[in-house]
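Colleague: Please take one part of this model and look at it closely. I would like the sheet with the most strands you can describe, and then whatever packs around it.

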Amino acid sequence: IWTVNVDDDDHQLTRITTNEGRDYSPTWSPDSKSIAYVTSTGYDIGGSALTPTRYLASTRIGRDERNILTPNLDRNVSNPTYSDDGDTIYFRLQDSGQDHFASVGSDGQNLTRLLERQVSVRDFSTAGGRTALLIGQSDQPPEIYTYHDGTLSKLTSVSSKALEGVATARVEKRQFESADGTPVEAFFFYPDNFDESHSYPTILWLHGGPASQFTYNYSGIGQLYAANGYVVIMPNPRGSVGYGQEFAQGTVAKWGEKDYEDVMAAVDHGIEIGVVDPNRMGVGGWSYGGILTNFVITQTTRFKAAMSGASLGLTTANYGHDHYQLMYELEFGLPWEYPERWVKLSPFSKVEAITTPTLWMGGALDWNVPIINSEQMYIAMKRLGRDTQLVVYPNEHHGIRLPSFQRDRYERWLAWYDERLKHSGSAD
């Protein structure tokens, strides 16, 4: 973290912190003598399984004496902001599928989760003793609320007109054990008029990152599938944040191992409680969600349809082409020094095992996870005579932005799953 003097002609730069890890998101104390900021203790490659826990810290200007205020909090923090009197620092806290609004004293004492509700705090602002929160809920897109002493008052209803007369799925966070006994959580979306005496076609939808998490925030994708008659399972497997550093780093150089076991445990839990029809299951995701989809369909034939978006095929083909060179070297080692590891971490090397009908998708200009991966996986399945399709969106990058393409993508997803899940097998 640096400061720049905007008043002198030389615009002098002054370095404030010298931590070898990543320091960011600085905020001034009211007396301008200190800053609070987010710090990490090692390489912080956003979105990677290598990403360490991000702590809240402070330092006095000119001293560079990093004081970690949350040393025993094995959860990520973000967006620190001082109270008007400087005695308290507010921040967001990722924990167990939630984004909390939390606070801690500027001396590191009295850590408090201020809003213990099934919501996701997307952002917040404090000024003059007042606090505004941007809050998402499982049945409502983000809206602005004021917050005071635990009481919320809603200020906006931006999405009310769009959602008028639209059914929303009931969402439930459930916990279960993975194959090795590790507790894992997943969000279950239940379709309108859900009947507990019936099982339903189900879509296992996997998040990107993997250093991310599904939360109580409104999920348009989960709602879309549920509105079309599916039970939707959105798990937070190993590699996800919000469950501690050991959990988040459970996939380092082991993609498709513990995270595969975790997502399959989510499916088995759904079958056990009677809501999932085991004969009508689909799987899918985008970015790492697509990558994990590839590891799923190369290890099991239980799914009748898959959608792999912006995913990985032959890992070596990406080295020097995408922007993950440092991540690859730190996590996998150099490809010529560890060729067997790189092959093992390449779904392309196991493509012959895929019998699940798979829709491959991506943006033509994606430099994050280049389209060559989907092309290679598609052509291999085609060569093997498997049910597959490739859709490439022109002039699009990692995220599909053009509204007509977004709609096209949703329609293709539904058509792909409907054809293969709603007309095969039968409900209980």
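What follows is a walk through one sheet, its surroundings and then a second sheet.

Modeller: A caution to begin with: this is a predicted model.

Start with the sheet itself. It is open and has 8 strands. Their order is E15-E16-E18-E17-E19-E20-E21-E22, and the pairing is mixed. The edges are strand E15 (170–177) and strand E22 (388–393). Each has a single partner strand, so one side of each is left without a neighbour in the sheet. From one strand to the next, the twist averages 20°.

Now one pair within that order. Strand E16 (residues 183–190) and strand E18 (residues 231–236) run antiparallel, joined by 5 bridges. Phe188 stands opposite Ile233 in E18.

Next, the helix on the sheet. Helix H5 (residues 288–297) packs there. H5 touches strand E17 (200–206), strand E19 (276–286), strand E20 (305–309) and strand E21 (358–363). The direction of H5 makes about 135° with that of E19.

How many residues of H5 are buried? The count is 10 of 10, so H5 is largely enclosed by the rest of the structure. The buried residues include Tyr288, Gly289 and Gly290 at one end of the list, and Phe295, Val296 and Ile297 at the other. Ile291, Leu292, Thr293 and Asn294 are buried too. What do these residues pack against? Their partners are E17, H4, E19, E20, helix H7 (339–344) and E21.

That leads to the core. Nonpolar side chains tend to be buried together in soluble globular proteins. Here the largest nonpolar core has 43 residues. Those with the most contacts inside it are Leu204, Val231, Ile233, Trp255, Val283 and Phe303. Several elements give two or more residues to this core. Among them are the strands E16, E17, E18 and E19. The helices are H4 (258–272), H5, H6 (325–331) and H8 (372–383).

Val283 is worth a closer look. Leave aside its neighbours within four places in sequence. Val283 is then in contact with Leu204, Leu206, Thr293, Val296, Ile297, Phe303, Ala305, Ala306, Met307 and Tyr417. Thr293, Val296 and Ile297 in that list are buried residues of H5. Another core lies apart from the largest one. It has 28 residues, among them Ala169, Tyr225, Ala310 and Phe405.

Tyr225 brings in a helix pair. Helix H2 (residues 220–227) and helix H9 (residues 403–421) pack at an angle of about 40°. Their axes are 11 Å apart. That angle makes H2 oblique to H9. The contact is made by Ile221, Leu224 and Tyr225 of H2. On H9, the residues are Tyr410, Trp413, Leu414 and Tyr417. So much for the angle; as for handedness, H2 passes H9 in a right-handed crossing. Tyr417 also appears among the contacts of Val283.

Now the second sheet. This one is open, with 4 strands in the order E3-E4-E5-E6 and antiparallel pairing. E3 and strand E6 (67–68) stand at the edges. Each has a single partner strand, so one side of each lacks a neighbour in the sheet.

Strand E3 (residues 23–28) pairs with E4 in the antiparallel sense over 4 bridges. Trp28 stands opposite Ile35 in E4. E3 and E4 form a hairpin with 5 residues between them. Ser32 in the turn has a positive phi of about 60°. On to the next pair: E4 and strand E5 (residues 54–60) are antiparallel over 7 bridges. In E5, Arg54 is the bridge partner of Ser40, and Ser58 is that of Ala36.

Strand E4 (residues 34–40) is mostly covered, with 7 of its 7 residues buried. In a regular strand the side chains alternate between the two faces of the sheet. Both faces of E4 are covered. Ser34, Ala36, Val38 and Ser40 are buried on one side. Ile35, Tyr37 and Thr39 are buried on the other.

One loop residue to finish. Ser83 sits between strand E7 (77–82) and strand E8 (88–95). At 9% relative accessibility, Ser83 counts as buried. Beyond its neighbours within four places in sequence, Ser83 is in contact with Pro30, Thr88 and Tyr90. The C-alpha atoms of Ser83 and Tyr190 are separated by 41 Å. Along the chain, these two are 107 residues apart.

Definitions and conventions. Residues are numbered from 1 along each chain as its sequence is written. This is a predicted model: local features need pLDDT of at least 70, side-chain atom pairs count only at pLDDT 80 or more; totals for chains, interfaces and linings use all residues. Side-chain values use heavy atoms; hydrogens and water are left out. Two strands pair if DSSP finds at least two bridges between them. Axes are lines fitted to C-alpha atoms, for helices over the stretch in contact, and angles run from 0 to 180 degrees between N-to-C directions. Contact means heavy atoms within 4.5 Å. A nonpolar core is a set of buried Ala, Val, Leu, Ile, Met, Phe, Trp, Tyr and Cys residues joined through side-chain atoms within 4.5 Å. Buried means under 20% relative accessible area, exposed over 50%, partly exposed in between (1.4 Å probe, protein chains only). Angles under 35 degrees count as roughly parallel, over 145 as roughly antiparallel, 65 to 115 as roughly perpendicular and the rest as oblique. A crossing is left-handed if the near helix is turned anticlockwise from the far one by less than a right angle, and right-handed if clockwise.
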